[in-house]
Amino acid sequence: MTVTNMTHPARECDCRHEPQGCAADRKERRIQAGRAQRTRRLKQLILGTAFLGLLGAGWLYPLIGYFIPACMLLGIGLAAFRGRNWCDWLCPRGSFEDGLLARISPQRRIPQVFRGTPLRVGVMGLLMTVLTLQIVRLWPDAWAIGGAFVLLLSITTGVGVVLGLIFQQRTWCYICPIGTMSNWVGKNRRPLLLAAERCTECNLCAKACPMQLTPAAIKGLGVMPHRGDCLKCSLCVGNCPTGALAFQDNHIDRAAA
Ligand code: SF4
Ligand code: SF4
């Protein structure tokens with residue numbers, strides 16, 4: 001496997017002789033990362049605010065609730081190609097969490113139990129059972145079924161907010177049924193790779209990760225563990241000062257490093 005140098009500018013310099021790149025290279029990366037982060041934050045703020053509006057409107061007009069199954073299909077469908085990329089900023093609730101909830105979250109470590117299969121499968125089983133029973137009970141009243149979706153979304157968002165206020169804003173994303181299914185479907189899509197010779201173990205990648213993953217924990221040149229829960233948000237890639245991280249499908253320039 002090979003790792004790309006994300007931002008290696010097309011210019012003459014001696015950075016190809018330094019494993020971690022030259023100062024100009026690092027500065028270029030910082031500028032690009034800052035730009036990308038500002039764009040992502042703006043998108044999340046807009047979508048997160050729209051999500052709250054949509055949820056409120058759903059109580060007045062329950063047919064809006066049908067955007068939930070649409071989100072499920074889109075999220076899981078996209079996972080087949082790009083892993084959990086939907087959960088980055090395309091998911092309205094994920095955007096709300098990063099764009100708004102993160103501002104008041106204490107940023108504590110997400111407990112291991114939320115990352116484990118038993119709780120994730122349990123929550124998914126419970127929510128899917130409740131949803132199915134509600135649909136069967138209310139069938140064929142489309143208005144009432146839409147209302148059941150809105151109620152479920154409101155309750156799970158409330159749980160997500162409480163978890164975000166206790167731990168970290170993305171805690172819910174570990175037990176969200178769409179996230180769990182996307183994890184399974186997209187486990188090996190767009191793996192994140194590390195060029196070990198460039199890594200200085202500064203841990204800035206882990207600090208930037210909204211899912212509290214540790215990209216630099218890869219031993220040697222390899223694929224990141226917990227890859228099924230990587231949102232492919234690129235925050236770790238952009239925040240790595242030495243360009244040690246890249247997705248496998250990015251352009252390859254390791255020969256020039
Ligand atoms: S940001 Fe992560 S991958 Fe990059 S040098 Fe620091 S520890 Fe290594
Ligand atoms: S590992 Fe990197 S790309 Fe994946 S979620 Fe964390 S910061 Fe985003």
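## Exercises on a predicted model

The buried residues of helix α4 are Pro92, Arg93, Gly94, Ser95, Phe96, Glu97, Asp98 and Gly99. The model is predicted.

### Exercise 1. Burial of α4

Determine how many residues of helix α4 are buried, and which helices they pack against.

Solution.
- Take the span first: α4 covers residues 92–99.
- Now count: eight of the eight residues are buried, so the helix is largely enclosed by the rest of the structure.
- Then find the partners. The buried residues of α4 pack against α1 (23–60), α3 (86–90), α6 (142–166) and α7 (171–175).

### Exercise 2. The α1 and α4 crossing

Describe how α1 and α4 cross, and list the residues that make the contact.

Solution.
- Start with the axes. Those of α1 and α4 come within 7 Å and cross at roughly 115 degrees.
- Add the hand: α1 passes α4 in a left-handed crossing.
- List the contact residues. α1 supplies Arg41, Gln44, Leu45, Leu47, Gly48, Ala50, Phe51, Leu52 and Leu54. α4 supplies Pro92, Arg93, Ser95, Phe96, Asp98 and Gly99.
- Sort the contact residues by class: eight are nonpolar, four polar and three charged.

### Exercise 3. Two residues, two environments

Classify Val162 and Thr180 as buried or exposed.

Solution.
- Place Val162: this residue lies in helix α6.
- Count its neighbours. Val162 has 12 other C-beta atoms within 10 Å. The cut-off for exposed is 12 or fewer, so Val162 is exposed.
- Check a distance. Trp172 is 10 residues from Val162 in sequence, and their C-alpha atoms are 9.2 Å apart.
- Place Thr180: this residue lies in helix α8.
- Count again. Thr180 has 21 C-beta neighbours inside 10 Å. The cut-off for buried is 20 or more, so Thr180 is buried.
- Check its surroundings. Beyond residues up to four places away in sequence, Thr180 touches Arg120 and Met124. The C-alpha atoms of Thr180 and Thr117 are separated by 8.8 Å, with their positions 63 residues apart along the chain.
- Widen to the helix. In α8 (residues 177–185), the buried residues are Pro177, Ile178, Gly179, Thr180, Ser182 and Asn183. They pack against α2 (67–82), α3, α5 (117–138) and α7.

### Exercise 4. The ligand shells

State which residues come nearest to ligand 1 and to ligand 2, and give the class make-up of each shell.

Solution.
- Ligand 1 has 14 residues around it. Cys199, Cys202, Cys205, Ala216 and Cys240 come nearest.
- By class, the ligand 1 shell holds 10 nonpolar, three polar and one charged residues.
- Ligand 2 also has 14 residues around it. Cys209, Cys230, Leu231, Cys233 and Cys236 come nearest.
- The ligand 2 shell divides into 12 nonpolar, one polar and one charged.

### Exercise 5. The whole chain

Summarise the fold, and find where confidence falls below 50.

Solution.
- Count elements: the protein chain has 10 helices and two strands.
- Read their order: α-α-α-α-α-α-α-α-β-α-α-β.
- Take burial: 39% of the 257 residues are buried.
- Take contact range. Among contacts between residues at least 6 apart in sequence, 77% join residues at least 24 apart.
- Take confidence. The mean pLDDT is 87, and 85% of residues reach 70 or more.
- Locate the weak stretches. Over residues 1–12 pLDDT stays under 50, and the model has 37 contacts there beyond four places in sequence. Over residues 251–257 pLDDT is also below 50, with 17 contacts beyond near neighbours in sequence.

Key. Residues are numbered from 1 along each chain as its sequence is written. Chains are lettered from A and ligands numbered from 1 in the order in which they are written. This is a predicted model: local features need pLDDT of at least 70, side-chain atom pairs count only at pLDDT 80 or more; totals for chains, interfaces and linings use all residues. Helices (H or I, at least four residues) and strands (E, at least two) are DSSP runs, numbered from the N terminus. Two residues are in contact if their C-beta atoms, placed from the backbone, lie within 7 Å. A residue is near a molecule or strand if its C-beta atom, placed from the backbone, lies within 6 Å of it. Ala, Val, Leu, Ile, Met, Phe, Trp, Tyr, Cys and Pro count as nonpolar, Asp, Glu, Lys and Arg as charged, and the others, Gly among them, as polar. Axes are lines fitted to C-alpha atoms, for helices over the stretch in contact, and angles run from 0 to 180 degrees between N-to-C directions. A crossing is left-handed if the near helix is turned anticlockwise from the far one by less than a right angle, and right-handed if clockwise. pLDDT is the predictor's confidence in each residue, from 0 to 100.
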